[in-house]
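Colleague: I have some questions about salt bridges, the core and one helix. Could you take them in turn?

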Amino acid sequence: MKKKEKRDSFKSSWGFILACIGSAVGMGNIWMFSTRVSLYGGGAFLIPYFIFVILIGFTGVIGEMSFGRAVKSGPIDAFSAACRTKGEGKTKIGAMLGGIPVLGSLAMGIGYTVVMGWILRYMVGSFTGATLNHGSVEEFGGAFGSMASAFGNNAWQIAALVIGIMILMLGVGSGIEKANKLLMPVFFFLFVILGAYVMFQSGAADGYRYIFRIDMKALANPKTWIFALGQAFFSLSVAGSGTLIYGSYLSDEEDIPKSAARVALFDTMAAMLASLVIIPAMATTGAQLNQGGPGLLFIFLPSLIKSMPGGRIICIIFFVAVFFAGLTSLINLYETPIATVQEKFGLNRKIACGIVGTFSAIISVLIQGIVSDWMDVLSIYICPLGAGLAGIMFFWVLGKDYVSEQVNKGREKKFTDAFYVICKYIYVPVCFLVLILGAVLGGIG
């Protein structure tokens, strides 16, 4: 077994923040948030969503960042360290429980690889003209169906994975941090351009009214609040894995509550930007936004973009921005299993990346035909379970004094004492509530 290398770290506070924003900004912001804003009463959905973003950003995001920094390791060693406080024999239980979010992150990364293959193909096709080379919604749907079938997109998804793994091989400071410093600002810039373009299209005003209207019936509907909770939960990438591992690369001088607030703010801005592009764009054609998931991104929006003035340029900007957003999330998902392989087997980073990348490439090719079900199972069960377990370890097992010490490192002023009580008695039960509601409703993430 090789000697462990010196642990890498983020080189700047904003590098860390942008990496966390990148992990949170993904397909959930782009294709799911817009759909739910439309389906659940516009502003009637936004009100509970903002409430839950504040709650989860204030609790789960801070907790996972602080937990990771405290132990300077991934979930397996973090959970083991927590359980060690209850006796040496408990560390094996901790390691087994810590393996759940690690495997969940790897499985999510594999599923995401399939989706990234679709996005890469459409992005390249936006330059060549292939993406818009269809005449009707049915033809766009047929093209996507062929691509999304079993073994229908092998080369593209492996290419997307290789891009992500190559960035990860460069390390935390030189790879993850630098990539997010480039990709996240460009993503926001491109979506601002799209938003400005859509604003001047005839009929866009109807879309804005649709977004910000408050349907009182929808506001009073429990499903609106349930789906807003699920959306906020998964949008902030709280799953006991990626946020925790990024926190482990932080110095003790970092003000984690301040960083968590910025992550929640910019993630919400990304979601709103997406809806301010997609919903008004659909409104320009008189269409109702009643399609979510991959169909919205790969069937309905390309068909719509083709009909718009300057559609080819809009298509290029849109899919480049979407690819950048997806790539930052892909990097975050694979970082947890890669770091775990490094820690547990003492391998250097490039070898760990190669092992995880090779395994993921094989499995991602095999699951192409079932990727939707694959991702549904993970989002419904594994993500909230990982977040709940991390919450139990940090807030229940390690206790108030330990939590207070870790959260207040790097702060000039002590963070509120209400933090611990809210996390222990509200946030942690909410994690398991999301798990239960997701299972009952068939997925709320």
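Colleague: Is Arg411 buried, partly exposed or exposed?

Modeller: This is a predicted model, and the values are computed from it. The relative accessibility of Arg411 is 24%. Buried requires under 20% and exposed over 50%, so Arg411 counts as partly exposed.

Colleague: Which residue forms a salt bridge with Arg411?

Modeller: The closest N and O atoms of the pair are 3.0 Å apart, and the cut-off is 4 Å. The partner is buried, with a relative accessible area of 15%. That partner of Arg411 is Asp255.

Colleague: How many residues apart are Arg411 and Asp255?

Modeller: Arg411 is in the loop between helix 18 (399-407) and helix 19 (418-441). Asp255 is in the loop between helix 12 (242-247) and helix 13 (256-283). The pair links distant parts of the chain, and the separation is 156 residues.

Colleague: Where do Lys181 and Glu177 lie?

Modeller: Their side chains meet in a salt bridge, 3.4 Å from N to O. Lys181 counts as partly exposed at 40% relative accessibility, whereas Glu177 counts as buried at 1%. The two are four residues apart, about one turn of the helix, and both lie in helix 8 (residues 172-199).

Colleague: Is Lys414, which pairs with Asp417, buried or exposed?

Modeller: The side chains of Asp417 and Lys414 meet in a salt bridge at 3.1 Å, N to O. Asp417 counts as partly exposed at 49% relative accessibility. Lys414 has a relative accessible area of 53%, and the limit for the top class is over 50%, so Lys414 is exposed.

Colleague: How many salt bridges does the model have by this rule?

Modeller: Among them are Arg411 with Asp255, Lys181 with Glu177 and Asp417 with Lys414. By the rule used, the count comes to six.

Colleague: Which helix gives the largest share of the largest nonpolar core?

Modeller: The largest nonpolar core has 149 residues, and those with the most contacts inside it are Phe187, Tyr246, Leu297 and Phe318. The largest share of this core is 20 residues, from helix 15 (residues 311-345).

Colleague: How many residues of helix 1 are buried?

Modeller: Helix 1 runs over residues 13-24 and reaches 17 Å from its first C-alpha to its last, close to the 16 Å expected. Its buried residues include Phe16, Ala19, Cys20 and Ser23, and these four are also in contact with Tyr246. Helix 1 is largely enclosed by the rest of the structure, because its buried residues number 10 of the 12.

Methods: Residues are numbered from 1 along each chain as its sequence is written. This is a predicted model: local features need pLDDT of at least 70, side-chain atom pairs count only at pLDDT 80 or more; totals for chains, interfaces and linings use all residues. Side-chain values use heavy atoms; hydrogens and water are left out. A nonpolar core is a set of buried Ala, Val, Leu, Ile, Met, Phe, Trp, Tyr and Cys residues joined through side-chain atoms within 4.5 Å. Buried means under 20% relative accessible area, exposed over 50%, partly exposed in between (1.4 Å probe, protein chains only). Contact means heavy atoms within 4.5 Å. The expected span of a helix is 1.5 Å times one less than its number of residues. Lists of a residue's contacts leave out its neighbours within four places in sequence.
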